[in-house]
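Got the viewer open? Here's a walk through the model, one selection at a time.

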2 protein chains.
Amino acid sequence: MSITINKELASCGGRLIKLSHESISTHTKMDVNIYLPKQFYDDTHSAPIPTLYYLSGLTCSPENASEKAFWQPQADKYGFAVVFPDTSPRGEGVATDPENSWDFGIGAGFYVNATESPYVKHYHMYDYVHKELPVVLNDHFNKASKRVDFTENISITGHSMGGYGALAGFLRNISDNKYKSCSAFAPIVNPSAVLWGEKAFSGYLGSDKSTWLEYDPCELIKKTENIKNSILLIHVGTNDPFLKNQLKPENILEASKGTSWENKIDVKLAVGFDHSYYFISTFVPEHAEFHAKALGLI
Amino acid sequence: MSITINKELASCGGRLIKLSHESISTHTKMDVNIYLPKQFYDDTHSAPIPTLYYLSGLTCSPENASEKAFWQPQADKYGFAVVFPDTSPRGEGVATDPENSWDFGIGAGFYVNATESPYVKHYHMYDYVHKELPVVLNDHFNKASKRVDFTENISITGHSMGGYGALAGFLRNISDNKYKSCSAFAPIVNPSAVLWGEKAFSGYLGSDKSTWLEYDPCELIKKTENIKNSILLIHVGTNDPFLKNQLKPENILEASKGTSWENKIDVKLAVGFDHSYYFISTFVPEHAEFHAKALGLI
């Protein structure tokens with residue numbers, strides 16, 4: 001479980017750390033970027049620094065959001081770390097889409113634990129993100145004293161496939177109070193009902209659709225009690241080319257009706273915005289404030 | 001001189017416009033990105049909106065800085081437009097480095113008017129950036145009323161090769177008061193004296209080094225009167241791999257000694273920062289404030 005620091009560079013008031021480690025979940029080397037905010041480097045700052053996990057969308061590596069989402073000044077403002085995991089296992093021997101499309105396989109792990117051959121060997125992104133990675137980071141960065149809290153006072157967000165991944169991970173772990181808050185940018189809220197999700201779930205989980213529902217936010221909403229009266233913050237651009245056919249934010253509002261989530265899902269339509277990092281970076285400040293409150297920073 | 005709008009998308013409070021036009025300077029189609037800040041879309045805002053020109057570095061297209069430098073929130077904060085020109089002519093028939101290296105030819109126009117074959121036909125980036133482009137933009141965007149001032153109340157900045165281009169353009173046009181202010185991120189301050197500049201200038205301008213000096217900020221400083229008592233703001237990262245051999249910021253301080261620029265060049269060494277957009281985006285807020293003052297916005 002040893003970590004290799006590949007690069008460490010100054011960014012805003014803190015440092016972006018690009019690292020890799022051998023994962024027991026995926027049986028591959030995994031790349032991760034971490035932003036440690038200025039508070040981490042301030043010896044007078046003694047309180048543990050909470051962490052926001054950011055799950056990226058299809059085709060992304062940890063680099064895209066690190067460079068383009070611009071979480072760093074917000075992380076400095078409130079004092080939280082940001083973790084940018086990869087979107088799938090990679091490397092020699094990792095099966096991918098036979099047709100090499102961009103919406104399945106490498107770069108498109110969909111944050112599930114695959115059960116189907118040939119993906120079952122490496123595609124365990126659910127366990128990787130929600131179970132293994134936080135512990136690996138805690139072990140590495142907190143050998144001496146607990147400066148960054150990667151496991152307890154944490155929140156989660158993500159974009160598109162990663163927005164779905166954040167919602168699913170938050171809801172599946174709500175009884176353990178694993179994540180203090182969850183938000184999403186242009187998430188695939190109902191993967192079982194759209195082409196992206198159908199392709200991914202049938203490939204990774206097989207034809208039995210009951211297994212799909214365990215990862216589908218619209219199903220999880222129905223069977224998960226909103227025990228802490230949480231709000232889910234979601235932004236979607238009105239010019240997002242995937243809005244109508246893949247994202248369908250209205251489905252999660254519909255699913256929440258009559259549940260403890262009714263009126264607790266704050267879907268904000270952002271007029272004129274598309275699916276890009278121009279959209280994400282614009283609303284990152286609002287999401288940062290949302291999570292900072294839940295993490296006790298304001 | 002007609003402009004084609006290729007894409008227009010919401011970003012922060014304004015819009016990023018990706019356009020192209022046939023250039024009479026380069027005899028090619030040129031791509032340009034423009035950020036129009038939120039004030040442009042506010043009908044109650046009647047004052048003309050000033051413009052900041054951002055010249056990119058080697059290998060960049062207008063996309064890199066648009067996505068990664070994060071000028072947009074600063075442009076909204078103060079109310080200026082940002083123009084991101086390309087770094088060279090491109091396309092069929094445009095000569096490039098016979099060895100296809102990344103530091104000469106396409107993506108590396110060095111903001112000069114080439115005099116040498118085969119580059120003389122297309123490589124007129126100096127005229128393009130400082131003369132043609134502002135007029136083209138003014139003609140297109142200000143047909144009805146002058147909402148954006150692309151030609152008079154303007155400032156200039158840039159990164160690396162573009163930082164050199166900004167300094168050279170500012171100094172060469174100082175007697176016309178063309179640019180209200182100039183700043184640079186990791187600029188090549190003394191291109192005649194470093195490998196990048198020697199390669200570019202010998203290729204574009206030939207072996208007579210007296211022609212090189214007309215574009216070299218360290219030479220221009222010596223023969224240009226600081227008529228408005230301007231400050232030049234420069235940031236360079238201490239971990240910039242090009243600091244010692246290509247950037248040499250100390251050379252412009254040395255050149256300024258005994259001139260009207262002495263103590264007017266504010267070279268700030270940024271500890272731990274490299275040459276990347278992580279460096280640029282970190283100091284964009286400080287440069288934005290600097291230019292906003294010169295443009296009369298604060």
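In which sense, parallel or antiparallel, do strand 4 of chain B and strand 6 of chain B pair? Select both: they pair in the parallel sense, over five bridges. Keep in mind as you click around that this is a predicted model.

**Stop 1: strand 6 of chain B**

Stay on strand 6 of chain B, residues 154-158. To see the register with strand 4, pick Thr51(B), which stands opposite Ile154(B). Now look to the other neighbour: strand 7 of chain B (residues 179-185) runs parallel to strand 6 and is joined to it by two bridges. Here Ile154(B) stands opposite Tyr179(B). What holds such neighbours together in general is backbone hydrogen bonding between strands, whether parallel or antiparallel.

Turn on the side chains next. In a regular strand they alternate between the two faces of the sheet. In strand 6 of chain B, Ile154(B), Ile156(B) and Gly158(B) point one way, while Ser155(B) and Thr157(B) point the other way. Buried or exposed, these residues of strand 6? Five of the five are buried, so the strand is mostly covered.

**Stop 2: the sheet in chain A**

Hop over to chain A and show its strands. Nine of them form an open sheet with mixed pairing, in the order 1-2-3-5-4-6-7-8-9. At the edges you'll find strand 1 (3-11) and strand 9 (265-270), each pairing on one side only. Tilt the view to follow the twist, which averages 20 degrees from one strand to the next.

For an antiparallel pair, select strand 2 (residues 14-22) and strand 3 (residues 29-36) of chain A; eight bridges join them. Lys18(A) stands opposite Asn33(A) of strand 3.

Now add the helices. Helix 3 of chain A packs on the sheet and touches several strands, among them strand 1, strand 4 (51-55) and strand 7 (179-185). The helix 3 direction makes about 115 degrees with that of strand 2 of chain A. Helix 10 (residues 277-294) of chain A packs on the sheet too, touching strand 4, strand 6, strand 7, strand 8 (232-237) and strand 9. Against strand 7 of chain A, the helix 10 direction makes about 165 degrees.

**Stop 3: the cores**

Which residues have the most contacts inside the largest nonpolar core? Select Trp71(A), Phe110(A), Leu137(A) and Tyr204(A); the core they sit in has 98 residues. Helix 3 (residues 125-141) of chain A gives the most to this core, with eight residues.

Centre on Trp71(A) and bring up its surroundings. Setting aside neighbours within four places in sequence, its contacts include Leu52(A), Tyr54(A), Phe80(A), Phe185(A) and His287(A). There's a second, separate core of 97 residues, which includes Ala65(B), Phe110(B), Leu167(B) and Ile265(B).

**Stop 4: loops with something odd**

Go to the loop between strand 5 and helix 3 of chain A, where Pro118(A) lies. A cis peptide bond joins Ser117(A) to Pro118(A), with omega about 0 degrees. Then try chain B: the peptide bond from Ser117(B) to Pro118(B) is cis, with omega near 0 degrees, and Pro118(B) is in the loop between strand 5 (81-85) and helix 3 (125-141) of chain B.

Next, select His27(A), in the loop between strand 2 and strand 3 of chain A. Its phi is near 55 degrees, a positive value in a residue other than glycine. His27(A) is exposed, with a relative accessible area of 52%. In chain B, Thr59(B) has a phi near 80 degrees, again positive in a residue other than glycine. You'll find Thr59(B) in the loop between strand 4 (51-55) and helix 1 (62-68) of chain B, partly exposed at a relative accessible area of 48%.

**Stop 5: where the chains meet**

Zoom out to show both chains. A rotation of 180 degrees, with 0.0 Å of shift along its axis, superposes chain B on chain A (RMSD 0.0 Å). That is the relation of a two-fold axis. To find the axis from chain B, go to Lys68(B): its C-alpha is the nearest in that chain, 2.7 Å away.

How many residues does each chain bring to the contact? Chain B gives 19 residues and chain A gives 19 residues. Because 100% of the interface residues of chain B are also interface residues in chain A, the copies meet through the same surface. Between them the chains bury about 1800 Å², 58% of it on carbon and sulfur atoms. As a last selection, take Glu67(B), Phe70(B) and Tyr278(B): they supply 39% of the area that chain B buries against chain A, more than any other three residues.

How values were computed: Residues numbered from 1 in each chain as written. Chains lettered and ligands numbered in written order. Predicted model: local features only at pLDDT ≥ 70, side-chain atom pairs only at ≥ 80, totals over all residues. Heavy atoms only, no water. Core = buried A, V, L, I, M, F, W, Y, C linked by side-chain atoms within 4.5 Å. Buried < 20%, exposed > 50% of the residue type's maximum accessible area, 1.4 Å probe, protein only. Helix = DSSP H or I, 4+ residues; strand = E, 2+ residues; numbered from the N terminus. Contact = heavy atoms within 4.5 Å. Pairing = 2+ DSSP bridges. Axes fitted to C-alpha atoms, helices over the stretch in contact; angles between N-to-C directions. Least-squares fit on C-alpha atoms with pLDDT ≥ 70 in both. Buried area = accessible area lost by both parts, 1.4 Å probe.
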